[in-house]
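Got your viewer open? Let's take a short walk through this model, one selection at a time.

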Amino acid sequence: MPSSVVNQYIYFPETEILRIIYQSGAIYDYLKVPQPISDKFKTVRSKGRFLNAVIKPKFKFIKIK
C-alpha cells in the first residue's frame, strides 16, 4: 500500500471509524464510514484520490493528532 498521502489506516467496524494516519504524522478519524466504503478504500490504487473524492466530502472527522 505505498501512498504519498496515506501512511497507514485502521478500520473499526464496531464504531464505523476509519482512522487515517497521514505521511505527515497527522491522524484523523472519519466517522460513520460504512464497511463497504472501508473495503473499497483498501483495494483502490490511489488512496489519496479516493480519500479526497469519496471520504473527505461525505464523512465528518475528528483530528486526533
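Start by selecting Lys47. This is a predicted model, and in it Lys47 has a relative accessibility of 4%, which is under 20%, so Lys47 counts as buried. Lys47 sits in helix H2. Now add Lys58 to your selection: eleven residues separate Lys47 and Lys58 in sequence, and their C-alpha atoms are 16 Å apart in space.

**Next stop: the two helices**

Colour helix H1 (residues 35-43) and helix H2 (residues 47-58). Two packed helices are described by the angle between their axes and the distance between the axes. Here the angle is about 155°, and the axes are 9 Å apart. Angles over 145 degrees count as roughly antiparallel, so that label fits H1 and H2. H1 passes H2 in a right-handed crossing.

Which residues make the contact? On the H1 side, show Ile37, Lys40, Phe41, Lys42 and Thr43. On the H2 side, show Lys47, Phe50, Leu51, Val54 and Ile55. So our starting residue, Lys47, is part of this contact. Sort the contact residues of H1 and H2 by kind and you get six nonpolar, one polar and three charged.

**Then: the sheet**

Switch to the strands. Strands of a sheet pair through backbone hydrogen bonds, either parallel or antiparallel. You'll find four strands in an open sheet, in the order S1-S2-S3-S4, with antiparallel pairing. Which strands stand at the edges? They are S1 and S4 (61-63); each has a single partner strand, so one side of each is left without a neighbour in the sheet. From one strand to the next, the twist averages 20°.

Zoom in on S1 (residues 6-12) and S2 (residues 17-22), an antiparallel pair joined by six bridges. Select Ile10 and look across to Arg19 in S2, which stands opposite. Now follow the hairpin of S1 and S2: four residues lie between the strands, and Glu16 takes a positive phi near 55°.

Move on to S3 (residues 27-30), which runs antiparallel to S4 and is joined to S4 by three bridges. Pick Asp29 and you'll see its bridge partner in S4, Ile62.

**Last view: helices on the sheet**

Turn everything back on. H1 packs on the sheet and touches S1 and S2, with its direction at about 150° to that of S1. H2 also packs on the sheet, touching S1, S2 and S3, and the direction of H2 makes about 140° with that of S2.

Notes: Residues are numbered from 1 along each chain as its sequence is written. This is a predicted model: local features need pLDDT of at least 70, side-chain atom pairs count only at pLDDT 80 or more; totals for chains, interfaces and linings use all residues. Side-chain values use heavy atoms; hydrogens and water are left out. Two strands pair if DSSP finds at least two bridges between them. Axes are lines fitted to C-alpha atoms, for helices over the stretch in contact, and angles run from 0 to 180 degrees between N-to-C directions. Angles under 35 degrees count as roughly parallel, over 145 as roughly antiparallel, 65 to 115 as roughly perpendicular and the rest as oblique. A crossing is left-handed if the near helix is turned anticlockwise from the far one by less than a right angle, and right-handed if clockwise. Contact means heavy atoms within 4.5 Å. Ala, Val, Leu, Ile, Met, Phe, Trp, Tyr, Cys and Pro count as nonpolar, Asp, Glu, Lys and Arg as charged, and the others, Gly among them, as polar. Buried means under 20% relative accessible area, exposed over 50%, partly exposed in between (1.4 Å probe, protein chains only).
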